[in-house]
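Here are my notes on the model, as numbered points. Please read them with the structure open.

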Amino acid sequence: MLVAGDIGGTKTDLAIFSSEDGPHAPLLQARVHSADYPSLQAIVKEFLAKTKKPVDRACFAVAGPVMDGKVKTTNLPWVIEETSLAKELNINAESVHLINDLEAIARAIPILRPSDVHTINAGEPARNGTIAVIAPGTGLGESFLTWEKSRYVAHSSEGGHSDFAPTDGRQIRLLEYMLKLFDHVSFEHVCSGIGIPHIYRYLRDVENLAEQSDIARQIDAAADPSVVIIKEAINSPNPSKLCAATIDLFALILASEAGNLAVKFLATGGVYLAGGVAVHTLRVIEEPAFMQRFKRKGRFAEFMGRIPIHVVVTPAGLAGAAACGLSSFRGEAGLN
């Protein structure tokens, strides 16, 4: 029995899996608000106490760089170590694994079912071609997969923290605004759950786009303003023009960076968008402007049009952590 988890800055998903049923069939599952707990150990111990299922393996996907079995979470004040986790959970140390959350999503890509994805551009996928993954959630994650001998191998990265590169006059002005707030402006600062409010404030305070007073109050009072901004832009019967402009600009930035990954990795196997923000803004991502900006790579525009683009609409991080953990039952290579 395996306990697996996807630990994000906002939420933590945990589940119990068996080697017989596989990574798409959790026996028991729970979701909690990450910041309500002092540590991952506290979350997992509470979950296991409630489930009363004996587990002998664990694998957790964590937002942050995993080095030598240890990770300092990017958007939570936690330091997590495999050895201390194993001791707290009473599991053999060799059977507890931490992996980067985007590596987990990448591990899930080869086992996705048709119902797990929504295709934006069918393209012309190359057999065994490299695959790129970009996932706006609380932060922005990036990863990729390469074909090695007989299977895809997932690679983690911290590409979301690379320098934000504006692609038009409005984005240049956005960068100038952001440089007054941060010494370093990354793509995560403008292309994630923590980035959407920055775009909103730029449009409100610099471009002077007006906001409805009731919506302004909701956003100011919200623990996570991006949730309200997305809702008022996409799911409201009377959409906020400012919120809609915010999500439109977010989608263009996401398209540009997805295109950057496609040319950097030569992602002929496709580009996969994952993460909660991508799912919740799918209606905007489906619009022609996204594909137009994705393809805007000069002489490579025609090549870009042949790259498949898919949005992962199910919790891939948990499935990827489960796939990683379950592979240890079969003695497969590739665990970090």
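1. Start with the five-stranded sheet. This is a predicted model. Its five strands make an open sheet, ordered 3-2-1-4-8, with mixed pairing. The edges are strand 3 (28–33) and strand 8 (96–100). Each has a single partner strand, so one side of each lacks a neighbour in the sheet. From one strand to the next, the twist averages 15°.

2. Look next at strands 1 and 2. Strand 1 covers residues 2–7 and strand 2 covers residues 11–17. They run antiparallel and are joined by six bridges. Asp6 stands opposite Asp13, which belongs to strand 2.

3. Two helices deserve a check against this sheet. Helix 13 (residues 316–327) packs on the sheet and touches strand 1, strand 2, strand 3, strand 4 and strand 8. Its direction makes about 145° with that of strand 1. Helix 2 (residues 82–89) lies across strand 4 (57–62) and strand 8. Helix 2 runs at about 135° to strand 8.

4. Helix 13 also packs against helix 3 (residues 101–108). The angle is about 80°, and the axes are 7 Å apart. Angles of 65 to 115 degrees count as roughly perpendicular, so helix 3 and helix 13 fall in that class. From helix 3, the contact takes in Ala104, Ile105, Arg107 and Ala108. On the helix 13 side, the residues met are Ala316, Gly317, Ala319, Gly320, Ala321 and Cys324.

5. Now the six-stranded sheet. It is open too, with the order 9-14-13-10-11-12 and mixed pairing. Which strands stand at the edges? They are strand 9 (117–121) and strand 12 (151–156). Each has a single partner strand, so one side of each is left without a neighbour in the sheet. Direction ignored, neighbouring strands here are turned by 25° against each other on average.

6. The parallel part of the pairing includes strand 13 (residues 270–273) and strand 14 (residues 309–312). Three bridges link strand 13 and strand 14. Leu273 has Val311 in strand 14 as its bridge partner.

7. Strand 11 (140–148) is the one to inspect for antiparallel pairing. Six bridges join strand 11 to strand 10, and the two run antiparallel. Here Pro136 stands opposite Leu140 of strand 11. Strand 10 and strand 11 make a hairpin with three residues between them. Six bridges also join strand 11 to strand 12, again antiparallel. In that pair, Leu145 stands opposite Ala154 of strand 12. The hairpin of strand 11 and strand 12 has two residues between the strands. Lys149 takes a positive phi near 65° in this hairpin. Strand 11 is mostly covered, with seven of its nine residues buried.

8. Two helices lie across strands of the six-stranded sheet. Helix 8 lies across strand 10 (131–136), strand 11 and strand 13. Helix 8 runs at about 155° to strand 10. Helix 11 (residues 288–295) lies across strand 9, strand 13 and strand 14. Helix 11 runs at about 125° to strand 14.

9. Helix 8 has a helix partner as well. Its axis and that of helix 7 (residues 225–234) come within 8 Å and cross at roughly 105°. That makes helix 7 roughly perpendicular to helix 8. Helix 7 brings Ile229, Ile230, Glu232, Ala233 and Ile234 to this contact. They meet Cys243, Ala244, Thr246 and Ile247 in helix 8.

10. One residue of helix 8 (residues 241–265) to check is Ala245. Is Ala245 buried or exposed? Its relative accessibility is 15%. The cut-off for buried is under 20%, so Ala245 counts as buried. Leaving out residues up to four places away in sequence, Ala245 touches Leu203 and Leu209. Ala165 is 80 residues from Ala245 along the chain, and their C-alpha atoms are separated by 19 Å.

11. Last, the chain as a whole. The protein chain has 13 helices and 14 strands. Its radius of gyration is 20 Å, close to the 20 Å that the globule rule gives for 336 residues, so the chain is as compact as a globular protein of that length. Along the principal axes, the C-alpha atoms fill a box of roughly 55 × 45 × 40 Å. Of the 336 residues, 53% count as buried. The accessible surface comes to about 15000 Å², and 53% of that belongs to carbon and sulfur atoms. Among contacts with a separation of 6 or more, 69% come from residues 24 or more positions apart.

Technical notes: Residues numbered from 1 in each chain as written. Predicted model: local features only at pLDDT ≥ 70, side-chain atom pairs only at ≥ 80, totals over all residues. Heavy atoms only, no water. Pairing = 2+ DSSP bridges. Helix = DSSP H or I, 4+ residues; strand = E, 2+ residues; numbered from the N terminus. Axes fitted to C-alpha atoms, helices over the stretch in contact; angles between N-to-C directions. Contact = heavy atoms within 4.5 Å. Rg over C-alpha atoms; globule rule 2.2 N^0.38 Å. Buried < 20%, exposed > 50% of the residue type's maximum accessible area, 1.4 Å probe, protein only. Areas by Shrake-Rupley, 256 points an atom, 1.4 Å probe, with all protein chains shown as cover. Parallel < 35°, antiparallel > 145°, perpendicular 65-115°, else oblique.
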